[in-house]
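This briefing concerns the surroundings of two ligands in a protein model. The contacts of the first ligand are taken up before those of the metal ion.

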Amino acid sequence: MSSTMEDVEPAVAPRRRRTLRSFGTTWASQIGITVAFVLLWLVFIVKAPNTFLDTRIYVSFAQTTPYFALIALTLTMVIVSGDIDLSFPSIMALGMVGFIAVERTTGNVELAVLAAIGVGALAGLLNGFFVTVMGIPALVVTIGTQFLFHGLTLVLVNGRSFALVEARDSTAYGLLVGRFVGIPMQFVWLVLAAIGTWLLLYRHRVGLNAHVIGDNPQAAQLMGIPIRRTRTLLFVLTGMAAAFAGVMNSLQVSNFYPAVGSGYLLPALASVFVGGTSVFGGRGTVWGTFIGAFMIGAIRAGIVAMRIADFYVDLIYGAIVLIAISIHAVLQRRFER
Amino acid sequence: MGERGDGRAPIELRHIHKSFGGVRVLEDVSLRLSSGEVLGLLGDNGAGKSTLIKIITGVHRPDGGTILFDGKEVRGLNVDKARALGVEAVYQERALAEQLSLWRNIFMGRPITRPLGFLDVREMRRITSELMGESMGFTSAALTPETRVTGLSGGERQGLAIVRALHFEADIIILDEPTMGLSLKETDKLVHFVKGIRTAGKSSIFIDHNIFHVYSVADRIVVLDRGRIAGDFPTTRYSLEELTEIMREVAATGSFKPERHRATEAASEADGAEGAS
Ligand SMILES: Nc1ncnc2c1ncn2[C@@H]1O[C@H](COP(=O)(O)OP(=O)(O)O)[C@@H](O)[C@H]1O
Ligand SMILES: [Mg+2]
């Protein structure tokens, strides 16, 4: 069968240019963002050595960045498949309602953690239902469910917050927010999640399907890819990650308050785009999101440590984000035709 | 030569109807593809050709009518079932994911996997590399299985789409406007290639809106006009000139009046039963 197409001559570009281009498209922007990250860190070390040469700030980063970085990882997959999720901050809190309910009735913290993750999965399933069955764009759906989940949380807990001091003695506490050879468990979970996300996105059929759906939904349909199932699964995973992050955050501060997720929406989204994932779908980078999250997580602390006046913080923050995004735009365009 | 085939019909459509949002796209379409036959499907843009083949490949569900594979009715046809029944298609839209690598494009929708759904990347790369050398004629060393589709020319993309369809060893190969966007030379090679499908004993549906491309490869030409079958013409009995004239008339009047063409009249009597059943 193969006999005849071999005559169709490809229009061959000069070899060197093409090799460079294919290398470039794959790596340039990721190398770019990594270099930017290292440079930023060097600036912090030079300008604020007392802070940035001390392990305490690294412990702090390792505890606080994973809350949104974990979600940024699953969000990367959602965005690769051409969707978006803005409801995860509310799911962080809603999952905790499940946690409180189970913890207060059974006293079992481990079971409570699973309950929270289950609630997160259900919330993601609801997002997936509206997006894939009702056919409403994810942006619109998740703006709606963000309010819905937040409202539901407030109603269920009567707007109260809950102390979680007794949970400190549980195994779950040690596993989620304890230390492992000195490293905060939040960071350990983040690394595990990053490896898992990478495997799912690049080495699993779910990731292949997500890429095709995000790149060319029509091709996905023609090639028989399970579009609804794949998109829904990614919303479910994001819901689970959000709920898990909500639990970690609440256990760390030994308190649950309904606004636990507020403030994480933009850092998580910024991590994904600073990392170099395409807002148009079809292309994403787990490494970029990981690096991006720590950039986003460190900028504010870095600026403060450099003793720059408070009112400059947002200006510099915004400038760094824009520079990072421009690095991707320039490098990706340069290496594509 | 006469009609090809051994009398078996790998695919038969009976009284297929299809509407999109209230607009009738296919009306009472019946069609029979014989084994070992190259069927040319001809018709203006918007006639419903692509919709018809997407019904065969399980992408669209018909609103009415029956689909038979090897004489047996198949219900709830979907893309996976159609593949299992040996149908592969090169769609007009190409159905490639631009930002993805060649191997991901070849295996999209049916990757080679290990347990738990993990991809056997090495195997898929190896096969892609082989296909690139043998079948696609991608001899440039700069093209690897990891190359993205973005950098490929129109001919290379078409080659990729065709090789993808062929790799899975289909018995029925559907080509929807495969010459679109190809150079003259590439078109010649494609026509040569479709003849190869027949030599290999497989069946094919070749769609084009250009009669010159279809005539030279097809055993039989079915003309679709505004969602209806306007005629069924074995290329052994009609010259290219006659068919061109018929096509002109179909385009002008929406139907074809056999009394004006004596040769055609005889043929349509002979073929009537087959075309309608
Ligand atoms: N998925 C779809 N949704 C709505 N209308 C469609 C769809 N696919 C095709 N059509 C319409 O059906 C008609 C026939 O289209 P098509 O089958 O692509 O024709 P052809 O391939 O012969 O050019 C056109 O009017 C087209 O606009
Ligand atoms: Mg068409």
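In this predicted model, helix H1 (residues 49-56) of chain B gives the most to the shell around ligand 1, contributing three residues. A residue of that helix, Ser50(B), also serves as a donor to the magnesium ion (ligand 2) through its OG atom.

**Shell around ligand 1**
- The residues around ligand 1 include Phe20(B) and Val25(B), together with Asp44(B), Asn45(B), Gly46(B), Ala47(B), Gly48(B), Lys49(B), Ser50(B) and Thr51(B).
- Sorted by class, this shell holds three nonpolar, five polar and two charged residues.

**Polar contacts and cover**
- Gly46(B) places a backbone N or O atom 2.7 Å from an oxygen atom of ligand 1.
- For Ala47(B), a backbone N or O atom lies 3.2 Å from an oxygen atom of the ligand.
- Ser50(B) contributes through its side chain, where an N or O atom is 2.7 Å from an oxygen atom of ligand 1.
- Of the 560 Å² of accessible area that ligand 1 has on its own, the protein covers 58%.

**Magnesium site**
- The magnesium ion (ligand 2) is coordinated by Ser50(B) (OG) and Gln92(B) (OE1), at 2.0 to 2.1 Å.
- Because Ser50(B) lies in helix H1 and Gln92(B) in the loop between strand S6 (87-90) and helix H3 (102-106) of chain B, the pair ties together parts that are 42 residues apart in sequence.
- Ser50(B) counts as buried because its relative accessibility is 15%, under the 20% cut-off.
- Gln92(B), with a relative accessible area of 23%, is partly exposed.

Note on methods: Residues are numbered from 1 along each chain as its sequence is written. Chains are lettered from A and ligands numbered from 1 in the order in which they are written. This is a predicted model: local features need pLDDT of at least 70, side-chain atom pairs count only at pLDDT 80 or more; totals for chains, interfaces and linings use all residues. Side-chain values use heavy atoms; hydrogens and water are left out. A residue is near a molecule or strand if one of its heavy atoms lies within 4 Å of it. A polar contact is a pair of N or O atoms within 3.5 Å; within protein, one must be able to donate a hydrogen and the other to accept it, and residues adjacent in sequence count only if both atoms are side-chain atoms. Accessible areas come from the Shrake-Rupley method with a 1.4 Å probe; for residues, only the protein chains shown count as cover. Helices (H or I, at least four residues) and strands (E, at least two) are DSSP runs, numbered from the N terminus. Ala, Val, Leu, Ile, Met, Phe, Trp, Tyr, Cys and Pro count as nonpolar, Asp, Glu, Lys and Arg as charged, and the others, Gly among them, as polar. Donors are N, O and S atoms within 2.8 Å of the metal (3.2 Å for Na, K and Ca); water is not among the atoms, so sites may look incomplete. Buried means under 20% relative accessible area, exposed over 50%, partly exposed in between (1.4 Å probe, protein chains only).
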